[in-house]
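Reader: I've got a model open on my screen and want to talk through its sheets. Can you walk me through them?

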Amino acid sequence: MLRVSLLLACCLGHVAASSPPTVCPAGSPIGDIDLRVASASIKVEPLPLRTINRLEEGDILLYKPLTRGGEKRTGEVLLVLVPVNKGAAGEKLIVLEPKPAAKPQQWKVPVRTAVVAYVYGPSGLSSKKVRSFLTRDDDLVTQLADYAEKTAQTEALIAALASPDTSAAAVQSALQGFSGQYGLNVHLDKTAPSDQQALAMFRALNPQMASYDPITPQRSRQFSQTASLATSVAALFFGSPVGLAAGGTAMLMEVRSLVFPNAEFRSSFGQSISDDGVGLCGRRDGVSAHTKLAYLWAMRVPNIGPPRLEIEKGSSLPSGLKSPLPFSAADSDWKYVQRARNWMMIPEAGKPVPVSVVKLGESRNLELDIGPAVKAGTYTLAANWDWNKFTIKGEVVVRPLSEFGSARLTASSQDLLVAKTGKVPVTLKGGDFEFVTKIEVLKLDDRFATPASVPFILPKGLREGPQDHVDMQLNTIDMDTGSYKLSISQLDGKPHAVNIKILAAPPELNNFPVVLNEGALQANFALTGERLDLLNRMEVAHGSAELGEVSADRKQRKLTLRMKGDLDAGTSLAVKAFIQDRSEPLTFADAVRIVGPRPQITEVALSAPPDQDVQLQIGELPGGGYLSAMMRVQHLQSNSTVELSCDGPEPVRSLVLHLGERSGPLNLQQLAPDQIFLSFDTSAWPNGCPLQATIVNGSEGKSQSYKLGRLVRVPKIEKFEIGGPDETKDGVTANLTGENLEMIEKVGWSEDQVEAIADLPLPIPGDGQRQKLQVHLPAPPASHAPLYVMLRSETKPRITKSRS
């Protein structure tokens, strides 16, 4: 008796007259109540009946009306119990004694109970009639259990829809639980207008509403277009004494005609209010004469122990957000997990932190609201199952969302982003990417650009622990060169910008390698290729590289290499080219090749030119004849050749002689390891050719050119005869016979006195190359005076062997 008095005192202490009045989304308040259960076995605070999981024999059911101001609660209340074991209890339903609704009451639970129905009759209740009728109805037990199940689903949906803080996942979970009772499949977009959401749901719930027009000015009997979605659901719940019709099937049971003759039994639903109270809502319109009105609110008691749950992978949660946490659990354990209460996160050190938890349907996820009180760290998750605490297997790790302030593409990834090249795999680093849900790319400084989605892969997966990079695939096939930004969104939906560049194609180099001889210290090289202006600098091991100016078409550029002199033949060196806007250089393998020593002509001895009719100067060689030379050459090889050519910017016909070659006047023989002999005909080159010789050792390069001399084609004067006086001028007439006489432009008796000739030489018939030329001269200044001739293209006369 003392225990009962204490329980009543406890219950009386929970009156909350100052709490705000209940506002029903549809219908009207029918009275706020407090229903609790006191344990029969332990001395603990009573728990709200709505959350109780085991209702045992001997437990105490406590009722208290919650009234405000001058409110008076009339009528009676009673509780109907459905036993877990109907055979052992001897009854299908147990109707507890009706008691006045105006004051706190209590009932002792006679048997372990599966369903509790709260019945409120504003005009009183007849328990005798109820007991009499219950003994005759076999279906009422099943109907009452179904009613309790469907009421709970409706309450969950209304609570989710009515709260502005409910996440989209929680709304969808509540809707699935509600519509799952009737075999429906409805998906709501919570961001859409409420009337549009209501329309989508109601058209699925009742095909008769398919003609509903959300913009019509008419009002519906069940709901108005200005009503919120929660109001519309509640209004349909109260649509008739038997509840919402879904496809022509009764949503609830027809208890009105089955239980209470001459009574109207109306369904009600509960809303949570402060201090775990329940605000009941129902229709309060008029009833027929001589008909008693009663309201029913029922709940199921699962009578099971705490669920066995284990946290799965993906247990990292971001600070400050509502996030789903995945679990593994059997169907029987998952079904009633929402009945756990007082959820808390227990840190490795410190006090437990209360946390709000919502079951997300059958997805095996619980939504945890990680508020500011939950600091970053590792936690275990626990909750109360009635009065007992249970702990979830596994750990939850809370981490802050990354700000991505240092996020950048890796250097190699940035270098791969070349315009118009297609799909490119790249890697982004500089942050914890475990909470990333979306990546987009957008061109900067383009008002008409639209973001494009970028596919990405997290190394471990979403919410599966710290991940210092993310792999993406950027398709550059339609991207121009320029600046872009990556927009990275995490679970909070906030974008973070990371700037990137789409690059032009890198330079192309067509004429590597540069071949250097062993011991060479410097080489000047002309690079050829494409886009050579993008080269910033070049590097080579064992030396340096200096870039010169680039051509206007960007296809040529000078390169000067300065190398160490100790590189052996056969060495191959790579060149690194540093490119504009690229952090990593391009590497050209075998760009510099060291070959054997360069050959060198150290000495040349030419055959003495034959006695000439016209004097040759020092450094001149007779053109149009044969010459021989003896050469000393360093680094001579078996494949060496001698190249004879005219020196000049544009090469004039080159003559190449191979060792051992002997053909007519051409002859090249090796006499010693460093000595060669050659003969050749100078007729192959024009008059005035500065003849030079070069030794070529194949791929190992060539020697510097050795200047042999200037070829001069001098006339051959076989006969010089002076005739009689010139009849037209003062002086004499002379005839020259010989070859190459066309080379003579002027004649005279001294260097200072030569005169132009008027005639051209004529060939002597039948006498080969011999010619005859007639010239006019002043009278000889003395006997045996030497004849001077000035050759064409020259400015100084030459002395000849001819005499007067």
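Reader: How many bridges join strand 39 and strand 40, and in which sense do they pair?

Author: First, a caveat: this is a predicted model, where local features need pLDDT of at least 70, side-chain atom pairs count only at pLDDT 80 or more, and totals for chains, interfaces and linings use all residues. Residues are numbered from 1 along each chain as its sequence is written, and side-chain values use heavy atoms, with hydrogens and water left out. Strands here are DSSP runs (E, at least two residues), numbered from the N terminus, and two of them pair if DSSP finds at least two bridges between them. Strand 39 (residues 572–579) and strand 40 (residues 586–595) run antiparallel, and the number of bridges is five.

Reader: Which residue in strand 40 stands opposite alanine 577?

Author: Stay with the pairing of strands 39 and 40, which is antiparallel. Across from alanine 577, in strand 40, you'll find leucine 586.

Reader: Which strands are at the edges of that four-strand sheet?

Author: The sheet is open and mixed in its pairing, with the order 34-40-39-36. An edge strand pairs on one side only, and that fits strand 34 (514–517) and strand 36 (535–540).

Reader: What does the twist average in the open sheet with order 54-53-57-58?

Author: That sheet has four strands with antiparallel pairing, and its edges are strand 54 (753–756) and strand 58 (798–803). Angles run from 0 to 180 degrees between N-to-C directions, using axes fitted to C-alpha atoms. From one strand to the next, the twist averages 35°.

Reader: Which residue of strand 58 is opposite tyrosine 788?

Author: Strand 57 (residues 786–791) pairs with strand 58 in the antiparallel sense over three bridges. Opposite tyrosine 788, strand 58 places isoleucine 799.
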